[in-house]
Amino acid sequence: MEKGWLTATLFALDSRPIVMGIVNVTPNSFSDGGRFFDAPSAIAHGIALREAGAAIVDVGGESTRPGAQPVAVEEELGRVMPVLEALVREGVPVSVDTMKPEVMRRAIDAGCTMVNDVNAFRAPGALEAVAASGVDVVAMHMLGTPQTMQRDPAYGDVVAEVKQFLLERAAALEHAGVARKRIALDPGFGFGKTLAHNKALFRALPELAATGYPLVVGVSRKRMIGDLTGREPEDRFAGSVAAAVLAAQNGASMVRVHDVKETVDALKTWMELSR
Ligand code: 9MG
């Protein structure tokens, strides 16, 4: 799979929003309860998501749910590499969801086409790990760490601060040698944000999209959908699909979701009816 094709596609003005399918190779994911923790299940799930219409699947081995504890690099590599290698062999476009430069490097060597970092490449060595490789990158905003982020998050102006942070990280990536056309940005719904913060950012998606970088939005089955619908994670499907369509309508180029088939259908329907 050629590197660097995806974000360039997102930059094309007439491209329709695309779907990134989620493969959590973790025992403690809040949204799928660790159902794909063993490699064969995770691989089969990744292939199924691709067949269901995902443009890319995002493979992660470290939970980023609020309060989740970090895992050691060897543990994370042991979880993601067999899955990633098998998906690449199967011709599935793969993104690696990691904050660790060593995992980024190994995943890139194995043929992943995108690196999705919820820490926006702030770890020492992360910028260098992606700079020379030619892969696409997603830089996401997070206030604090997964361990601390939901402890009373506070902003003066959440939209202005998130936007400034994302533009600074894009500049750091470009300064390190990542081509502008390879960079996508993500406001990080639920990562150090209250429901009010999430709502303000959602309404500001057109302003964030106006930065010119493709926008990635991930709200699938998250707490904010639970807050809005009163549903448990396994029952947040309708709210998640509605939010994905609204995100696309507000300027998101890519939505990161669990329910790929349904989201692809909803996006197609919206696109056709709104033309
Ligand atoms: C890994 N991960 C969990 N939630 C996410 C989100 O909203 N965006 C991105 N880019 N990655 C996420």
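**Exercise 1. Find the strands that pair with S8 in this predicted model, and give the sense of each pairing.**

Step 1. Strand S1, residues 18–24, pairs with S8 in the parallel sense. The pairing runs over four bridges.

Step 2. Locate a contact point in that pairing. Ile18 stands opposite Met254 in S8.

Step 3. Turn to strand S7, residues 215–217. S7 also pairs with S8 in the parallel sense, over three bridges.

Step 4. Locate a contact point here too. Leu215 stands opposite Ala252 in S8.

Result: S8 has parallel pairings with S1 and with S7. The model is predicted.

**Exercise 2. Decide whether strand S8 is largely enclosed or open, and say why.**

Step 1. Take the cut-off: buried means under 20% relative accessible area.

Step 2. Apply it to residues 252–257. Six of the six residues of S8 are buried.

Step 3. Conclude. Because all six are buried, S8 is largely enclosed by the rest of the structure.

**Exercise 3. Describe the largest cavity: its volume, its lining and the class make-up of that lining.**

Step 1. Search the whole structure with a threshold of 30 Å³ or more. One cavity is found.

Step 2. Give the volume. The largest cavity has about 30 Å³.

Step 3. List the lining: Lys163, Leu166, Leu167, Leu185, Leu208, Thr211 and Leu215.

Step 4. Sort the lining by class. Five residues are nonpolar, one is polar and one is charged.

Step 5. Find the main contributor. Helix H6, residues 158–176, gives the most, with three residues.

Step 6. Link back to Exercise 1. Leu215 lines this cavity, and Leu215 also stands opposite Ala252 in S8.

Definitions and conventions:
Residues are numbered from 1 along each chain as its sequence is written. This is a predicted model: local features need pLDDT of at least 70, side-chain atom pairs count only at pLDDT 80 or more; totals for chains, interfaces and linings use all residues. Side-chain values use heavy atoms; hydrogens and water are left out. Buried means under 20% relative accessible area, exposed over 50%, partly exposed in between (1.4 Å probe, protein chains only). Helices (H or I, at least four residues) and strands (E, at least two) are DSSP runs, numbered from the N terminus. Two strands pair if DSSP finds at least two bridges between them. On a 1 Å grid over the protein atoms alone, a cavity is a set of points where a 1.4 Å probe fits but cannot get out, and a pocket is an open set with protein on both sides within 12 Å along at least five of seven lines; lining residues have an atom within 4 Å of a point. Grid points are joined across faces, edges and corners, and a volume is the space filled by probe spheres set on the points. Ala, Val, Leu, Ile, Met, Phe, Trp, Tyr, Cys and Pro count as nonpolar, Asp, Glu, Lys and Arg as charged, and the others, Gly among them, as polar.
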